[in-house]
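I'm opening a fresh notebook page for this one. Here is what I looked up, in the order I went through it.

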Amino acid sequence: MTIEEFGRRLRARDVTSERVTDECLRRIDAEQSRLNAFILVMADEARRQARALDRELAGGRDRGPLHGVPMSIKDLIDLRGTPTTAASRVRDGHVAGHDAAAIAHLRQAGVVILGKTNLHEFAFGTTNEDSAFGPARNPHDPARSPGGSSGGSAASVAARMALATIGTDTGGSIRIPAAACGIVGLKPTYGEVSTEGVIPLSRTFDHVGPLTQSVTDAFLVYHALLGDHIAAPPAPMPMTGVRLAVPRRYFCDLLDDEVRARFERALERLRSAGAHVDDIEIRHADLIPTVYMHVSLPDAAAYHASTLETMAEKYTPNVRLRLEMGRYLLAEDYVRALAGRELLRREVDAALAQHDALVLPTLPIPAPTIGATTVQVGRETLPVRSMMLRLTQPFNVTGHPAISIPAEPTSAGLPVGVQLVGGRMQTDALLRIAHACEPHISTGV
Amino acid sequence: MTSETWLKAALADADTRGLPALKPLLEGLAKLTEQLRAADFNDLARRGADGAEEAAKKR
């Protein structure tokens with residue numbers, strides 16, 4: 001059930017928040033041992049919240065589209081009175097004293113909080129394998145990763161344990177798991193949604209945003225995160241005249257054959273529906289990974305410097321090593337990377353000057369098997385981590401809003417995502433385009 | 001500091017700290033640093049700095 005459908009049925013008195021919350025909790029009971037999506041389940045508190053919100057609605061107070069909606073929250077985000085574990089033993093004993101700003105907005109919007117979801121430790125990974133609570137698993141194939149770092153969050157929505165969830169995205173951590181699990185994931189424009197009360201990975205690239213079952217739901221949750229609780233869903237718009245740009249070089253160079261075929265089929269359907277689709281080039285795209293690393297690693301190392309000194313053994317080995325890397329980089333290279341970031345931002349701005357959105361795959365590969373460190377793409381054997389980040393991290397570097405929409409699955413039934421990227425500070429415009437494109441991209445899902 | 005000098009010092013430090021598993025990651029990072037330093041936008045930045053120096057001399 002989407003948030004949109006829930007809202008209609010709630011107001012028609014066909015369902016109650018308590019009933020749907022109970023159903024989510026039943027799904028959590030049934031699926032938790034298989035998927036390990038949750039770190040903390042707040043069943044009693046969720047039922048109490050749901051009953052209170054049902055009473056409010058019956059009494060005439062309607063908080064808007066998220067009234068009574070049961071959601072999960074990535075365990076990187078402070079929720080007053082509960083531990084924010086970041087899936088790390090480093091955080092043992094922590095209890096949040098306040099709600100994060102994003103959570104405060106969701107509470108005002110009437111969201112029922114079901115619990116906190118599993119993630120890659122400190123959001124520093126793309127597969128969810130390095131977690132003090134064990135890996136979360138992909139609902140489409142539990143032998144595979146749900147993506148990361150918001151892997152438990154995506155699994156919770158894909159397995160119908162929650163109607164929607166909140167994740168964070170520093171290199172793709174909303175869009176990667178959304179694509180891997182077959183749901184929608186939105187990274188808004190950099191700086192739009194407050195990260196106050198969220199454990200940082202890289203303050204230069206961190207974003208907060210929703211993972212949902214539809215673009216309309218993403219719109220509603222995004223607006224609630226901004227403190228706008230009564231936003232009306234985007235009105236339908238025609239595809240005719242929509243101008244899309246495909247950045248071929250770099251972005252389409254390394255794609256799994258089935259991902260490439262699903263992406264090209266989605267483009268054909270968008271063209272048939274009336275969209276104008278051009279190929280374009282982002283000239284310095286090859287530099288994206290090096291710019292990303294030279295900014296994000298020092299950012300992460302700065303936040304973790306004291307705990308790397310005092311409790312290094314509490315980190316999972318892979319995350320500790322990646323954090324240590326950032327302590328070696330030179331300030332002059334950090335400054336060079338900031339210059340590269342500005343250049344890339346201008347190049348994406350220029351590409352969008354003549355187009356409504358960029359369109360590209362979200363993940364170049366289907367969800368990898370848990371434990372895999374390399375993946376075969378054509379004749380090349382490539383690292384899983386760099387492949388997972390390849391198509392999403394560019395827009396953390398540049399700050400442009402980006403959304404992943406599920407496309408046709410592979411022949412093995414694994415989800416594939418198509419990503420749309422809009423102009424900076426134009427997240428609403430991107431959502432309207434995404435809403436128009438969604439039925440053409442998601443055909444066969 | 002050249003990237004070769006940087007890498008040599010970083011690898012030695014990783015050994016001293018008992019983190020041999022860090023060494024392949026540092027070697028990969030050194031390649032990315034070389035790519036960053038070779039990027040043409042550094043030429044533009046350098047020309048900007050040289051231009052500023054020239055302008056200062058003229059003043």
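Before anything on packing, I need one cut-off: I call two residues in contact if their C-beta atoms, placed from the backbone, lie within 7 Å. I also keep in mind that this is a predicted model.

**Entry 1: a helix in chain A.** I started with α14(A), residues 427-441. How many of its 15 residues are buried? I found twelve, so I noted the helix as mostly covered, taking 20 or more other C-beta atoms within 10 Å as the mark of a buried residue. Among the buried ones are A:Leu430, A:Leu431, A:Ile433 and A:Ile441. A:Arg432 and A:Glu438 are on that list too.

What do they pack against? I wrote down two helices of chain A, α7 (215-225) and α8 (257-272), and then the strands β9 (357-361), β12 (402-407) and β13 (416-421).

I then checked the run of α14(A) and found a bend of about 30° at A:His435. A proline, A:Pro439, follows within four residues of that point. A:His435 itself is one of the buried residues.

**Entry 2: backbone oddities.** Just ahead of that helix, I looked at A:Met425, which sits in the loop between β13 and α14 of chain A. Its phi is positive, about 60°, although it is not a glycine. Buried or exposed? I put A:Met425 down as partly exposed, because it has 15 other C-beta atoms within 10 Å.

A:Arg160 also has a positive phi, near 60°, and is likewise a residue other than glycine. I located A:Arg160 in the loop between α5 and β4 (164-169) of chain A. With 17 other C-beta atoms within 10 Å, A:Arg160 counts as partly exposed.

Where is the cis peptide bond I noted? It joins A:Gly148 and A:Ser149, with omega about 10°. A:Ser149 belongs to the loop between β3 (112-117) and α5 (151-158) of chain A.

**Entry 3: chain B and where the chains touch.** Chain B has three helices and zero strands, so to speak a plain α-α-α when I read along the sequence. Of its 59 residues, 19% count as buried.

I then turned to the contacts: 16 residues of chain A meet 18 residues of chain B. On the chain A side, α9 (288-310), α10 (317-325) and α11 (331-353) each give two or more residues. Which gives the most? That is α11(A), with six residues. By class, I have ten nonpolar, three polar and three charged residues on this side of chain A.

Definitions and conventions. Residues numbered from 1 in each chain as written. Chains lettered and ligands numbered in written order. Predicted model: local features only at pLDDT ≥ 70, side-chain atom pairs only at ≥ 80, totals over all residues. Nonpolar A, V, L, I, M, F, W, Y, C, P; charged D, E, K, R; others polar. Bend = angle between axes of the 7 residues up to and from the residue.
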